[in-house]
Amino acid sequence: MESKDWWKEAVVYQVYPRSFKDGNGDGVGDIAGIIDKVNYIKSLGVNAVWINPIYPSPNVDGGYDISDYTGIQPEFGDMHDFDRLVKVLHEKDIKLVMDLVLNHSSSLHPWFIESRKSKQNPYRDFYFWRPGKKNNVPNNWPSFFGGSAWEFDPLTEEYYLHLFSKEQPDLNWEHEPLRTAVKEIMRFWLDKGVDGLRLDVISAISKRTDFPDADTQDFNETIEKYYANGPRLKEFIAELKQVADEYGAFTIGEGPGITPLNALDYLDSRNGLSLIFHFGHMFLDQGPGGRFDPVSWELDEFKNVFKKWNDAISEKGWLSIFLGNHDFARLVSRWGNDKDFHSESSKMLLTLLLTMPGTPFIFQGDEIGMTNLKLNSVSESKDIETLRGWEQAKQKISEEEFLKKVNYAGRDNARSPMQWDNSANGGFTTGKAWMTLNSNRSVINVANEEHDPDSILNYFRKMVTVRKENKILMYGIYESIQTDDVGLFLYYRILGLEKWLVALNFSSQHISSLFLNSIAKERLVGNYRQEDLMIIRPWEAVVFKVD
Ligand code: ISL
Ligand code: CA
């Protein structure tokens, strides 16, 4: 009998459908393509798949602007394909987690088309409308995608709120009929056998609806203080949880603005979500200007994030852990060394992912070591955040300088098509791919790694097995270890009398650690073939059993 909380023992694979596999040669990934690759997904040893939005959408923001919450984007297929996907995944004992975007809809959603018609329209209050101040925006809130978070609509001469693009008007959760409609959408997908929901920007469904001016220029602070963690958040989350409980469904909330201090507000055992994604580590290298204001990061800060969040959540909640997704750069390029130690550092980061407490989420392609993309012009980007970011940046810096930031931190990095083999388009499509393919696809691809016992892919599979066969990695307590070994990230996992030590070298240096050399230990698994108990090699990951 499965444990009630299957997701505590799961490893989740994130599929970005548009770039995973094209099943009909039109250059765009689709549901047929995912079905075609279910055996590959199964071969990873993962228990669940989270797919990014596949609903009808004008695709202004990669499908995160939904115009029909209970349909399928025609480019991706139809409801029959979707039902087939559910059936095939369940036959292989793989759960399906869908991505629901409930903080905002598309401006082409019928609700918004109605809402903007008149101030008396029954759908008016499905969104936030405010008169301006002396012909200006109601307040100084910035959008995630640059510019104001308010758009003037001449039809009724009022502004509407959009934390993201103007094509993504925020839904007004204060309005009870909206919440009722949202719950029906949840039931529609849960009735179709969906096992869980990833709730987009759920931290913002209750915001400061008195709309005061932000008193900070720091964007992440603005999110925390004004957009997220609003006064009715726990109430709204409890309503969602009630619907999820009707089906025993898993819920994970994506939460910019969630902090270690308020995380448990989202994870209350009775009325909270199963999990949240926090961004403690994901903003370390973002300056006050956000994504395109990159700053250097220190390993100590990175370590502290894991300690802080573990201390905040592990007692009463359950952690999730991810190092990359469709919104961030590729993990080996961002945290590792994708030039001189590509394989070692990919494997080291995958070791971290699979030996930390909390449910691990692996983004498509990171299991084979896919790297950042190199855009040669901003016009190559398919990401609204980059395109709008350039609109802002072009007043101050050159395209070449902006491209450096984009190629380091932009979301296109993660969205280039999955690399299956060394055929023309990396085996992703027989047509013309919807976006730039990575030039290293003939080297880094599934086919090249499938039968290589030393490949990143087979190391990932091995580490998934190690995790799933050892409860200590799922349920053991996490204890960070402080030493003066610069470059080393060391931590214990302890369960009962069993004690494991994970040693990760985040540097290109060889490290002889007095601490490590002073303890009796047996090497269990690592990313170097030969054992060397005295020296930790560049980007080496070793898991030891210690008495
Ligand atoms: O890109 C970010 C800010 O630098 C992320 O914080 C991200 O925008 C934020 O976490 C919300 O992301 C989610 O909602 C967005 C969508 O663009 C992202 O793809 C999605 O993951 C709006 O729906
Ligand atoms: Ca297609």
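In which hand does H12 pass H13? Before I answer, let me say that what we are looking at is a predicted model, and that I will take this helix pair and then turn to a group of parallel strands.

The crossing of H12 past H13 is right-handed. Helix H12 covers residues 384-393 and helix H13 covers residues 399-409, and their axes come within 11 Å of one another, crossing at roughly 140°. On the H12 side the contact is made by Thr386, Gly389, Trp390 and Ala393, while H13 contributes Glu399, Phe402 and Val406. Sorted by class, the residues in this contact are four nonpolar, two polar and one charged.

Now to the strands, where I would like to start from E2, residues 48-51, since the pairings I will describe both involve this strand. Strand E1, residues 12-15, runs parallel to E2 and is joined to it by four bridges, with Tyr13 standing opposite Val49 of E2. Strand E3, residues 95-100, is likewise parallel to E2 and joined to it by four bridges, and here Ala48 stands opposite Lys95 of E3.

As for the side chains of E2, Ala48 and Trp50 point one way from the strand, whereas Val49 and Ile51 point the other way, and all of these residues are buried. So much for the strand itself; how is the connection to E3 arranged, and of which hand is the unit that E2, helix H3 and E3 make? Helix H3, residues 79-91, forms with E2 and E3 a β-α-β unit that is right-handed.

Terms used. Residues are numbered from 1 along each chain as its sequence is written. Chains are lettered from A and ligands numbered from 1 in the order in which they are written. This is a predicted model: local features need pLDDT of at least 70, side-chain atom pairs count only at pLDDT 80 or more; totals for chains, interfaces and linings use all residues. Side-chain values use heavy atoms; hydrogens and water are left out. Axes are lines fitted to C-alpha atoms, for helices over the stretch in contact, and angles run from 0 to 180 degrees between N-to-C directions. Helices (H or I, at least four residues) and strands (E, at least two) are DSSP runs, numbered from the N terminus. A crossing is left-handed if the near helix is turned anticlockwise from the far one by less than a right angle, and right-handed if clockwise. Contact means heavy atoms within 4.5 Å. Ala, Val, Leu, Ile, Met, Phe, Trp, Tyr, Cys and Pro count as nonpolar, Asp, Glu, Lys and Arg as charged, and the others, Gly among them, as polar. Buried means under 20% relative accessible area, exposed over 50%, partly exposed in between (1.4 Å probe, protein chains only). Two strands pair if DSSP finds at least two bridges between them. A crossover is right-handed if, with the strands pointing away from the viewer, the path from the first strand over the helix to the second runs clockwise.
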